[in-house]
Structures are given as C-alpha cells and as structure tokens.
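Subject: Structure handover

Hello,

Here is the structure I promised you. Please open it and follow along with the notes below.

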Amino acid sequence: MKVIHTDQAPAAVGPYSQAIEANGVLYCSGQIAINPAEGKIVATTIEEQAEQCCRNVEAVLKEAGTDMSHVVKTTCFLAEIADFKAFNEVYAKHFISKPARSCVAVKDLPAGALCEVEVTAVL
Ligand SMILES: CC(=[NH2+])C(=O)[O-]
C-alpha cells in the first residue's frame, strides 16, 4: 500500500489521503474545487468548480504515474441536481474514456462545495 500526495492538488480537509495505491489500483479521495495554490475554493459557478475538481483529480493521478485514461470508475456528488447538465459538460471534456460513473445529489458538501469527484484508476 502506498500513500500518494502532491502539492499540485489540495491538501486533505479531513483525516484522509489524496489517494492510496494498493494491488495495482489507485483509490482517489473525492476532490472538491479547492484551488491548491490558494488553499480554498475560489471558483463560484458549477462549471468552474467542476473544472477545478477535474484538474485536482488529474494532479493526483499524475503524481501516481497515471492519467484520466486509466480511470475505471467515478463517483460524483452534486449539491444541486439542477447542476447535472452543466456539470456533465465540463466532466465530459476531462473523462474522454467515459469511465463507469455514479452521480448523485447530496444535501451538503464540505466547504460549501457545489460538486465533488472521486475516482478509481487501474495502474
Ligand atoms: C473532500 C473529501 N474528500 C472529504 O472526504 O472530505
């Protein structure tokens, strides 16, 4: 088991690692739209936040030596299901290989985020 950490993605906001590699699988924690340089969410719209989430995911994958094309499953959380279409438009630009996905709306997300993206990748 190996802990993955990069300063190019936000530091954890709770007791978890950015990702854990185990048996050839990379389990990534959910990414909210924290800008790693600012240490806080600066994006305001769902499109901007989805973009930042995807960039954060990409940074963690890169640190682990992989990329979006190796993602096999994602779980996406939205604070508002009304954002589904706008979220999808940004998401689709990043997850070209269309991994399996579950997308749900939840009551609240950490730090008041509008969305969160969690991925699992095969190394
Ligand atoms: C943001 C996140 N992944 C968490 O567990 O709070």
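In this predicted model, the side chain of Tyr16 has an N or O atom 3.5 Å from a nitrogen atom of the ligand. Gly30 takes part through its backbone: a polar atom there is 2.9 Å from a ligand nitrogen. For Glu116 the side chain is involved again, with a polar atom 3.4 Å from a nitrogen atom of the ligand. On its own, the ligand has 220 Å² of accessible area, and the protein covers 75% of that.

Which residues are around the ligand? They are Val13, Tyr16, Gly30, Pro110 and Glu116. By class, this shell holds three nonpolar residues, one polar and one charged. The nonpolar ones are Val13, Tyr16 and Pro110. Gly30 counts as polar, and Glu116 is the charged residue.

Next, the cavities. I searched the whole structure, and one cavity of 30 Å³ or more turned up. The largest cavity has about 60 Å³ of space. Its lining consists of Pro10, Ala11, Ala12, Val13, Tyr16, Gly30, Gln31, Ile32 and Ile34. Seven of these lining residues are nonpolar and two are polar, with no charged residue in the set.

Compare the two lists as you look. Val13, Tyr16 and Gly30 are among the residues around the ligand, and these three also line the largest cavity. Pro110 and Glu116 belong to the ligand shell, but the cavity lining does not include them.

Best wishes

How values were computed:
Residues numbered from 1 in each chain as written. Predicted model: local features only at pLDDT ≥ 70, side-chain atom pairs only at ≥ 80, totals over all residues. Heavy atoms only, no water. Near = heavy atom within 4 Å. Polar contact = N/O pair within 3.5 Å; in protein donor to acceptor, adjacent residues only side chain to side chain. Areas by Shrake-Rupley, 256 points an atom, 1.4 Å probe, with all protein chains shown as cover. 1 Å grid on protein atoms, 1.4 Å probe; cavity = no way out; pocket = protein on both sides within 12 Å on 5 of 7 lines; lining within 4 Å. Points joined across faces, edges and corners; volume = space filled by probe spheres on them.
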